[in-house]
Amino acid sequence: MNVIDLFRLDGRVAIVTGAHAWLGYDMACALAEAGCHVVVTSRDEARASETAGKLGDTYDVETLGLPLDQRSHEQTVAMAKAAFDWKGRIDILINNAGGGSGNSPGRIHERDPEDEANMIATNLTGCLNCCKEVSRYMVEAGYGKIINIASAAALIGRDRRMYDRSDMAGQPVDYAAAKAGVIGLTQDLAGMLSPKGVYVNAISPGGFEKPGNLPDTFVAEFADGAMLGRWGRMGIDLKGAALFLASAASDYVTAHNLVVDGGFSAWK
Ligand SMILES: NC(=O)c1ccc[n+]([C@@H]2O[C@H](COP(=O)([O-])OP(=O)(O)OC[C@H]3O[C@@H](n4cnc5c(N)ncnc54)[C@H](O)[C@@H]3O)[C@@H](O)[C@H]2O)c1
């Protein structure tokens, strides 16, 4: 078989959660470019429709926008049903929605317990909700590819001195805890669903730069912390990993955590 054909997704249907912008949008574009019909979700229904419209205008595929706050199990059930009813199949789920740290500082003793609970609900319980409710349809069909977006933050501790030097409170430990949970969920669920033809993998991105929202000193120091000496590029650096795990190119890969961090987590 032609190796490029292994990456084609013609006629497949994917859900990408939280795909309005940044990495979620990038991954939705990657799948659409490979021929996949795409459901995008956002907490804001109008944003979901807007993003679906933009994707459909850019690529030769059909798209659908659906509302989802994945902290709610009820909303997740409704989203999964609506996505399935659209084309009678769901082949791929990218659990991208997450992030966010709330308004309280990242330092553990200053952190608001409500923000911690919200972090876990968004990043871990939300991912679990989506895995659970979407995989029902995949198990029924005997096929599915689930990709959970974790983080390099789940793999290593952070050098908080780097944040202090730029006068930043830093990312809270509850983010690392939630994302580490996502990796555990991925591995155990892969074992549970592999006899049903459902693959479950994770991607752990390192720092992907969003223009203009961080101090220059931190941006430079963080880039230097990666073996490749730079941040991940939005619009480019996560697309290949997502397409690989979504397609037949990864048909002997499950329970894997693909680290896309420029080497950040692999040296001291
Ligand atoms: N940007 C990075 O450097 C980086 C690094 C490692 C991991 N990640 C992870 O990659 C994913 C995408 O990150 P990003 O930086 O591109 O975007 P982001 O973190 O700004 O947001 C992701 C999306 O999730 C949505 N979301 C938040 N809470 C939600 C909820 N309760 N229900 C449904 N949707 C919700 C947001 O609205 C947004 O569209 C996240 O899971 C993030 O944790 C990002």
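This passage walks through the sheet, the helix packing and the ligand shell of a predicted model.

A convenient place to start is the sheet. Seven strands make up an open sheet with parallel pairing, and their order is S3-S2-S1-S4-S5-S6-S7. Strand S3 (63-67) and strand S7 (257-260) are the edge strands, each pairing on one side only. From one strand to the next, the twist averages 20 degrees. As background, backbone hydrogen bonds are what pair the strands of a sheet, in either a parallel or an antiparallel manner.

At the S3 edge, the pairing can be followed down to individual residues. Strand S2 (residues 37-42) pairs with S3 in the parallel sense, over five bridges. Val40 has Gly65 of S3 as its bridge partner. Across S2 and S3 lies helix H2 (residues 45-58), which runs at about 165 degrees to S3.

Turning to the helices, three pairs are described here, beginning with H4 and its two partners. Helix H4 (residues 113-141) and helix H3 (residues 73-87) have axes that come within 9 Å and cross at roughly 30 degrees. H3 therefore counts as roughly parallel to H4, a class that takes in angles under 35 degrees. The crossing of H3 past H4 is right-handed. On the H3 side, the contact is built from His73, Thr76, Val77, Ala80 and Phe84, while H4 contributes Asn129, Cys130, Glu133, Val134 and Tyr137. Sorted by class, the residues of this H3 contact with H4 comprise six nonpolar, three polar and one charged.

The other partner of H4 is helix H6 (residues 173-193), which packs against H4 at an angle of about 15 degrees, with the axes 8 Å apart. H4 is therefore roughly parallel to H6, and the crossing of these two helices is right-handed. From H4, the residues that meet H6 are Glu116, Met119, Ile120, Asn123, Leu124, Cys127, Leu128, Cys131, Ser135 and Val139. Their counterparts in H6 are Asp174, Tyr175, Ala178, Lys179, Gly181, Val182, Leu185, Leu189 and Leu193. This contact of H4 with H6 has 13 nonpolar, three polar and three charged residues.

The third pair joins H1 and helix H8 (residues 239-246), whose axes lie 9 Å apart and pack at an angle of about 55 degrees. That angle makes H1 oblique to H8. H1 passes H8 in a right-handed crossing. H1 brings Asp26, Met27, Cys29, Ala30 and Leu31 to the contact, and H8 brings Lys239, Ala242, Leu243 and Ala246. Here the residues of the contact divide into seven nonpolar and two charged, with no polar residue.

Finally, there is the ligand to consider. It is surrounded by 23 residues, of which Gly18, Trp22, Leu23, Gly98 and Gly99 are the closest. Two elements, helix H1 (22-33) and H4, give two or more residues to this shell. The largest share comes from H1, with three residues. By class, the shell around the ligand holds seven nonpolar, 13 polar and three charged residues. H1 and H4 thus appear in two settings: H1 takes part in the packing with H8, H4 in the packing with H6, and both give residues to the ligand shell.

Note on methods
Residues numbered from 1 in each chain as written. Predicted model: local features only at pLDDT ≥ 70, side-chain atom pairs only at ≥ 80, totals over all residues. Axes fitted to C-alpha atoms, helices over the stretch in contact; angles between N-to-C directions. Helix = DSSP H or I, 4+ residues; strand = E, 2+ residues; numbered from the N terminus. Parallel < 35°, antiparallel > 145°, perpendicular 65-115°, else oblique. Left-handed = near helix turned anticlockwise from the far one by under 90°. Contact = placed C-beta atoms within 7 Å. Nonpolar A, V, L, I, M, F, W, Y, C, P; charged D, E, K, R; others polar. Near = placed C-beta within 6 Å. Pairing = 2+ DSSP bridges.
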